[in-house]
Structures are given as C-alpha cells and as structure tokens.
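Colleague: Got a minute to go through the charged pairs with me? I'd like to hear the reasoning behind each label.

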Amino acid sequence: MLFMLLTYNNSDSLSRDDKGESRRLHFYDRGEQIPLATEGVWQVYRGVAQLSQVSVGGEEILLGWVQADGFLGMWLTDLESYGAKALTEVYLRWFSLGEIEANPTLSQALLTQSLRRLKQSEALLAIGGLKRVEEKLQQLLKLLQQDLGQPIAGGNRLSVRLTHQNLANAIGTTRVTITRLLGDFQRQGLITLDQERHLIILD
C-alpha cells in the first residue's frame, strides 16, 4: 500500500528558507499520513516523521524517522510500498528538485541529512540481525535514546510518544511481546514513563 494523497493541510505559518524567502509550512497532525511524490522532497521544519514500508503480508516495517531539517520523499528511495507518517505534530516545507539542484546550501543540507539517515538505517539493520528479541529491544531503545532522547534528571526522555506497536514493528515482533519486555525493563529499573506516557530511559 502506497500512501499518496493529493491534498495538503496547509498551516497559515510561514518559514524562511536559506535565501530568506517566505515559504508556506504544511501541517500534519500526529498519526496522519504524509503525501509523497517523486518530483520533490519535504524538509521537516518541526516535529518527527516516521518512515515505513508495508510488507506483502500487510505488516508495517519501520525504516526510520526524520526530525527537524531532515528530508523525505519518494525521490530518496527505490522502495515502492514506502510511506511517511507524523509521529508528532509535523510542519514541512516543500522543495522541488530544481530548487535543490540550483541551491548549493540546500544541496549540502540534503547530503548531510541523507548521510545521517544512512547511519540510522545501518543501525536498524544491525538490530534486525540480532537473535534475541530482548537484545533487539535493548539496542532499539539505545538508538531511540541517541536520536530522539532529551536529557533530563536521571536519564533521557524520548521526544515522541511511541506505542508498543511502533516498537514491535521496528524489531519484527508482536505487541504482546513488547508489552511483556517493557514491563520487565521497568521492574529492573531500566525505564519508566512520565505523566504524558513518554518513555524515559534511565541512567
């Protein structure tokens, strides 16, 4: 299933691109699918978007996440069943391929962020190659802490609220297994939750 919507939810806010020109921000609420096209790319202005692929059996496979200043779009992948979803409230800027090619600063930003995504993809591949589900989840939490963690007293709070199904999709297991393992980790003093149900990875 390919997520290709034809309409955008526009916000009234304007941002400034690197030329100082006003550029409209497009808003997507938490859980909304983000439309992708081949003739340009989105740049995340604020928030976190999740990238995923849908398997032949209809299961969602996590491919990573994109934060502020990162890019996403069909132009950046060869996968067909490729989709993007807002993990938080997300504001995006649209750039055509012509704009990117004509703007050295924008091209450099795209290269830098693409290298960051490559490292993230390699980390997820390495996690997927582990044998034990418990170890997979431990390493996934370390990666999330590194990429999405906000330092607080005693640990790191993940900036996005992930469901047990999100975590299960990331490591190819079931939601029930994730719930059991997170309960074990919490009893061991490795994690906790704040009042907003954000995961805190403890020192």
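Colleague: What makes Arg157 count as buried or exposed?

Modeller: This is a predicted model, by the way. Arg157 has 17% relative accessibility, and buried means under 20%, so Arg157 counts as buried.

Colleague: And how do you know that Glu196 and Arg157 meet in a salt bridge?

Modeller: Their side chains come to 2.8 Å, N to O. The cut-off is 4 Å between a Lys or Arg side-chain nitrogen and an Asp or Glu carboxyl oxygen, so the pair qualifies. It also links distant parts of the chain: Arg157 belongs to strand S11 (residues 155–158), while Glu196 is in the loop between strand S12 (191–193) and strand S13 (199–202), 39 residues apart.

Colleague: Why is Glu196 called partly exposed?

Modeller: Its relative accessible area is 48%. Exposed would need over 50% and buried under 20%, so Glu196 lands in between.

Colleague: Which residues are linked in a network of salt bridges?

Modeller: Arg157, Asp194 and Glu196. Over the whole structure, the search finds six salt bridges.

Colleague: Asp184 and Arg180 have their closest N and O atoms 3.9 Å apart; what makes that a salt bridge?

Modeller: The limit is within 4 Å, and 3.9 Å satisfies it, so the label holds. Both residues lie in helix H5 (residues 175–187), four residues apart, which is about one turn of the helix.

Colleague: What about Asp184, with a relative accessible area of 21%: why is it partly exposed?

Modeller: Buried means under 20%, and 21% doesn't meet that, so Asp184 is partly exposed. Arg180, at 48% relative accessibility, counts as partly exposed too.

Colleague: How do you know that Glu134 and Arg132 meet in a salt bridge?

Modeller: The N to O distance for their side chains is 3.0 Å, and the cut-off is 4 Å, so they pass. Glu134 has 26% relative accessibility and Arg132 has a relative accessible area of 47%. Partly exposed lies between the 20% and 50% marks, so that label fits Glu134 and Arg132.

Colleague: Back to S11: what makes S11 and S13 a pair?

Modeller: Pairing takes at least two bridges, and S11 and S13 have three, in the antiparallel sense, so they pair. One partnership is Asn156 with Ile201 in S13.

Colleague: And why are S10 and S12 called edge strands?

Modeller: The open sheet of four strands runs S10-S11-S13-S12, with antiparallel pairing. Strand S10 (149–152) and S12 each pair on one side only.

Methods. Residues are numbered from 1 along each chain as its sequence is written. This is a predicted model: local features need pLDDT of at least 70, side-chain atom pairs count only at pLDDT 80 or more; totals for chains, interfaces and linings use all residues. Side-chain values use heavy atoms; hydrogens and water are left out. Buried means under 20% relative accessible area, exposed over 50%, partly exposed in between (1.4 Å probe, protein chains only). Helices (H or I, at least four residues) and strands (E, at least two) are DSSP runs, numbered from the N terminus.
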